[in-house]
Structure formats: C-alpha cells, structure tokens
Amino acid sequence: MKLATLKAGGRDGTLVVVSRDLARCRAVPEIAATLQEALDDWARRAPQLEDVSQKLNSGEVEGTLAFDPGRCHAPLPRAFQWIDGSAYLNHVELVRRARGAELPASFQTDPLMYQGGSDGFLGPCDDIVGEPDWGIDLEAEIAAIVGDIPMGATVAEAAAEIRLLMVVNDVSLRNLIPAELAKGFGFVQSKPASAFSPVALTPDELGTAWRDTRVHLPLRVFLNDEPFGRPNAGVDATFDFAQLAAHVARTRAIGAGSIVGTGTVSNKQGGLWGSSIANGGVGYCCLVELRTYETIEQGQPATPYLQPGDRVRIEMLDDAGTNLFGSIDQKVSAPSPRSVI
C-alpha cells in the first residue's frame with residue numbers, strides 16, 4: 001500500500017491512503033489520524049489500511065480526493081529519529097577525496113552513519129532555502145521507516161521491522177561541512193532539513209525489485225529538467241537497510257517511526273567522460289561527485305552548486321514506467337530578509 005500525509009489537520013498533517021497510480025487518495029481518521037499513530041500500533045492498523053488500499057485501487061471506496069503532491073508534507077512531517085548512513089562507498093570515497101582524505105579500511109565493515117535533525121522535514125514540493133555561498137547540494141537516496149527494534153537486534157530481526165520506504169533529498173551545504181567536521185563532532189549547520197517523497201510505500205509494492213532489503217531500481221535525478229543521474233539503488237551498496245538498522249540498534253533500542261537512510265546512491269563507474277548520462281554513464285545523485293570527477297580530470301571543478309532558481313526532481317519508476325513514490329520536485333530559493341526590530 002501507499003501512504004501520504006496532507007498539509008491539513010494540524011502540525012502532523014492528515015494521513016491518507018493513496019491509490020497505486022497516485023491518482024486518488026482517502027483520509028482514514030477512523031483508522032489513524034496520522035502516520036505516526038498508525039506506526040505506533042502497526043500490527044492492528046496496517047491490515048485495516050491495507051483493506052482501504054485494496055478497495056481504493058479497485059474503485060470500491062467512496063470519499064476520495066484527487067491526490068496532489070503539492071499539498072503533501074513529508075510522509076512523516078517530523079520523526080522521533082532520522083539516522084542517515086553512507087551505504088554506497090563509492091560516494092564516500094569521492095567525497096573524501098574532494099577533501100583530501102583517504103577511505104579507512106574499516107568503512108567496508110563498519111557503517112558510516114550520522115543522526116540528523118528530525119523535528120521538521122520538507123515536503124516534496126517545498127523550496128530548498130539557502131545562501132548560494134553555502135554550497136547547496138542535493139543528495140538523492142532511499143530511506144526506510146522502521147517499527148520498534150530492540151537493542152542488540154540481529155540483522156534478520158531488524159529486517160522484519162522495515163515498515164515503509166521513501167525517496168529522500170538529503171540536502172547538504174558543502175561549503176560548511178569541512179569546518180564542522182574539523183571540530184570532530186559531526187554535522188549541524190551543514191545539514192538542513194531533508195525532503196521526502198510524497199508517498200511512503202510498503203516493500204511489497206516493489207515486487208521483485210525489493211530483495212535483500214535493498215531497492216533494485218534506478219533512482220532518477222533531474223537538474224533543471226535535464227537528466228543528471230540514474231544509478232541503480234540495488235547496485236554497489238555495501239550495506240543494506242537491515243544491516244544499517246541493526247548497526248544503530250547495537251547499543252540502543254529504536255522506536256517506531258524512526259527513519260534510516262542509505263546515504264547518496266552511487267554506482268562505481270569510470271572517469272567523467274564515461275560517467276555522465278550524456279556520455280553513456282549513469283550520472284550522479286549529488287553535485288559533489290561530478291565536481292570531484294572534474295577536479296580529478298581537469299584540475300578544478302567546473303559545475304557550480306545549486307543556485308536560486310534551480311530545480312531538482314527526484315523519482316523512481318518501476319519497469320513499467322510507473323512513478324512509485326511520486327516525485328520530489330523542489331526549486332532553490334534564497335532566504336527571505338529578516339526584519340530587524
């Protein structure tokens with residue numbers, strides 16, 4: 001089934017069940033007012049939501065509305081926890097190379113993860129707001145919403161608690177990252193609010209593309225309506241969702257409604273001229289990878305980071321061309337001037 005949250009009914013929005021073709025939706029207050037309410041009692045409420053989903057897809061349910069991604073919050077407008085990994089070591093290696101840092105051997109066996117802000121996310125069509133000199137970058141990835149995972153859970157136990165999947169734009173402010181990491185205490189200012197796809201879906205919606213707790217489909221990225229990336233999310237991932245969640249749960253329990261991300265999707269490929277879509281490659285899910293290739297091959301980056309007016313679209317299609325999660329479709333804007341009192 002597919003679920004979304006409309007910008008109505010308070011801070012946490014209104015939970016709706018969405019048709020498979022993303023054409024119609026229906027609010028379900030009789031089951032759960034919000035997605036978090038459903039996640040807190042998933043064993044009982046998921047079958048009820050699935051029943052609505054089946055009837056919605058077969059045209060048997062009344063009280064539906066046209067589904068409009070522009071009216072959507074993130075599926076979870078705020079979450080108890082947002083933990084992002086770097087499962088694609090090709091991305092990690094390239095980003096570290098851009099900073100002049102080597103890739104430690106331990107990254108092959110010990111996932112790199114950070115805890116981001118989760119008290120407010122961007123909706124799929126909300127602006128990315130930032131100063132151009134911050135180095136605004138997109139980061140297209142996949143995320144899972146999990147149920148309760150006990151401390152010390154095994155990988156198999158963590159896998160059983162994967163409830164829903166989403167697409168993410170985990171915005172990074174590249175020019176602020178080096179100074180923060182130099183303090184040795186992680187990201188704060190350099191990681192603003194992330195944006196999530198209009199729809200969160202249960203893994204069964206992916207059919208055979210969901211296996212080994214990985215999503216085996218290309219993640220499509222467009223920059224100013226031009227194809228920018230289409231790497232396959234099931235390829236070159238050193239860690240899967242279950243491994244990432246079990247890593248977090250080693251020393252603490254994870255609460256239902258927590259979000260675990262894969263990090264930027266990245267496939268191993270050759271140099272710049274064989275990597276871009278225009279030259280036969282799969283492209284990129286972030287600008288810093290392209291800039292790193294440019295630096296390696298040309299001595300300096302040529303592509304700027306995002307500027308006001310730029311537009312980013314991120315989506316995932318199945319083999320039949322169906323848009324599975326709906327599109328993250330954002331434009332970049334400068335902050336509004338603050339009035340001085």
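## Overall form and two loop residues

A compact globule of 341 residues would have a radius of gyration near 20 Å, and the chain agrees with this, because its own value is 20 Å. The model is predicted. Along the principal axes, the C-alpha atoms fill a box of roughly 60 × 50 × 45 Å.

The secondary structure of the chain consists of eight helices and 20 strands. Of the contacts with a separation of 6 or more, 72% are between residues 24 or more positions apart. Among the 341 residues, 55% count as buried. The accessible surface is about 14,700 Å², and carbon and sulfur atoms account for 51% of that area.

The charged side chains number 30 positive and 43 negative. The centres of these two sets lie 2 Å apart.

Two aspartates have a backbone angle worth listing. Phi of Asp212 is positive although the residue is not a glycine, and the same description fits Asp225. The table gives their angles, places and accessibility.

| Residue | Phi | Loop between | Relative accessible area |
|---|---|---|---|
| Asp212 | near 55° | β14 (210-211) and β15 (214-215) | 55% |
| Asp225 | near 70° | β16 (220-223) and β17 (226-229) | 46% |

Exposed means over 50% relative accessible area, and partly exposed lies between that and the 20% limit for buried residues. Asp212 therefore counts as exposed, at 55%. Asp225 counts as partly exposed because its relative accessibility is 46%.

Key. Residues are numbered from 1 along each chain as its sequence is written. This is a predicted model: local features need pLDDT of at least 70, side-chain atom pairs count only at pLDDT 80 or more; totals for chains, interfaces and linings use all residues. Side-chain values use heavy atoms; hydrogens and water are left out. Helices (H or I, at least four residues) and strands (E, at least two) are DSSP runs, numbered from the N terminus. The radius of gyration is taken over C-alpha atoms; the globule rule is 2.2 Å times the number of residues to the power 0.38. Buried means under 20% relative accessible area, exposed over 50%, partly exposed in between (1.4 Å probe, protein chains only). Contact means heavy atoms within 4.5 Å. Accessible areas come from the Shrake-Rupley method with a 1.4 Å probe; for residues, only the protein chains shown count as cover. Lys and Arg count as positive and Asp and Glu as negative; His and the chain ends are not counted. The place of a charge is taken as NZ of Lys, CZ of Arg, CG of Asp or CD of Glu.
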